[in-house]
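Biologist: I've got a model open and some of the wording puzzles me. Can you walk me through it?

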Amino acid sequence: MTIGTELWAHTSTDMISYLSMGKKVVILIVFILIGVTAYFYFTSNQQLPINKNGISKQIFNDRIDHSPKEWGLTVTGVKTRLNTNKRVIALTFDACGGKHGSGYDHQLINFLIQNKIPVTLFISGQWIDKNRKTFTSLASNPLFEIENHGLNHLPCSVNGNSAYGIKGTNNAKEVIDEIRLNGQKIKDLTGRQPLFFRSGTAHYDEIAVKLANKLGYQVVNFNINGDLGATASKSQIVNALLKAAPGSIVIMHMNQPEGQTAAGLKAIVPLLRKKGFTFVKLFQHLN
Ligand SMILES: [Zn+2]
């Protein structure tokens with residue numbers, strides 16, 4: 001009996017000591033976890049404008065703890081054709097801005113107006129700043145759908161990728177500013193929030209595309225490169241657009257009046273109409 005009691009007392013003392021050691025370990029682990037979580041939380045949010053500019057913190061919470069895997073014109077999430085098999089084509093014209101990209105192709109726009117061709121214009125903040133009056137006039141014409149071509153016409157990268165020698169955005173915050181600030185500029189001037197985004201150079205990584213989606217945009221490129229950055233000849237433009245199919249999205253430019261985009265367009269539009277195609281704005285067939 002005595003031996004049994006002693007044994008029990010001895011065992012329970014060991015158990016208490018074992019439990020308190022366990023508790024110590026548990027408490028230590030909890031403190032380490034809190035410390036590590038707090039470190040990552042504060043360092044990862046350091047450079048990000050949490051709600052400062054009306055950006056939801058949620059945009060950042062979902063991100064971006066991995067490196068992008070894709071880079072280019074057709075990464076995951078980029079639309080390259082309309083959601084229809086009807087005989088419709090979306091002509092889109094970029095206005096890029098910058099030192100060599102702030103011109104205005106009167107001839108081209110006049111042709112579109114005279115022939116009542118509805119089109120989508122992707123316009124950058126830089127181009128708007130150089131062509132404010134023209135921008136307002138274009139935006140007031142119901143033929144033209146005004147969409148977002150980025151504030152500074154930058155390739156959209158979360159880690160500083162370049163395209164055609166143009167350095168892209170360096171991180172998520174810069175991607176968001178590039179998209180959001182031009183959207184705001186367009187909305188302030190037109191009263192309409194743009195629905196679609198195409199970056200400068202039309203290059204993205206898949207994380208930038210997701211960020212654009214979170215800001216409310218669909219990212220839209222093309223499946224017909226109509227004027228090769230306004231460097232194509234009239235016959236190259238005609239040949240490119242002859243390949244248009246139901247639902248095609250064509251990219252051309254409205255900011256290079258010295259190019260042959262207007263001449264090519266004038267030649268191809270009657271041929272496409274003869275083939276039974278009509279022209280639509282993006283919002284009519286992308287949702
Ligand atoms: Zn451009």
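**Two helices, term by term**

Modeller: Sure, starting here: helix 6 passes helix 7 in a right-handed crossing. This is a predicted model, so local features need pLDDT of at least 70, side-chain atom pairs count only at pLDDT 80 or more, and totals for chains, interfaces and linings use all residues. Numbering starts from 1 along each chain as its sequence is written.

Biologist: What makes a crossing right-handed?

Modeller: The near helix is turned clockwise from the far one by less than a right angle; anticlockwise would be left-handed.

Biologist: Why is helix 6 called oblique to helix 7?

Modeller: The axes of helix 6 (residues 172-190) and helix 7 (residues 206-214) come within 10 Å and cross at roughly 50°. Under 35 degrees is roughly parallel, over 145 roughly antiparallel, 65 to 115 roughly perpendicular, and the rest oblique. That angle therefore makes helix 6 oblique to helix 7.

Biologist: Which residues meet there?

Modeller: Ala-172, Val-175, Ile-176 and Ile-179 of helix 6 meet Ala-208, Leu-211 and Ala-212 of helix 7, where contact needs C-beta atoms, placed from the backbone, within 7 Å. By class, the contact of helix 6 with helix 7 has 7 nonpolar, no polar and no charged residues. Ala, Val, Leu, Ile, Met, Phe, Trp, Tyr, Cys and Pro count as nonpolar, Asp, Glu, Lys and Arg as charged, and the others, Gly among them, as polar.

Biologist: Which residues in helix 7 are buried?

Modeller: Ile-207, Ala-208, Val-209, Lys-210, Leu-211 and Ala-212. Buried takes 20 or more other C-beta atoms within 10 Å of the residue's own, 12 or fewer is exposed, and in between is partly exposed.

Note on methods: Axes are lines fitted to C-alpha atoms, for helices over the stretch in contact, and angles run from 0 to 180 degrees between N-to-C directions. Helices (H or I, at least four residues) and strands (E, at least two) are DSSP runs, numbered from the N terminus. Two residues are in contact if their C-beta atoms, placed from the backbone, lie within 7 Å.
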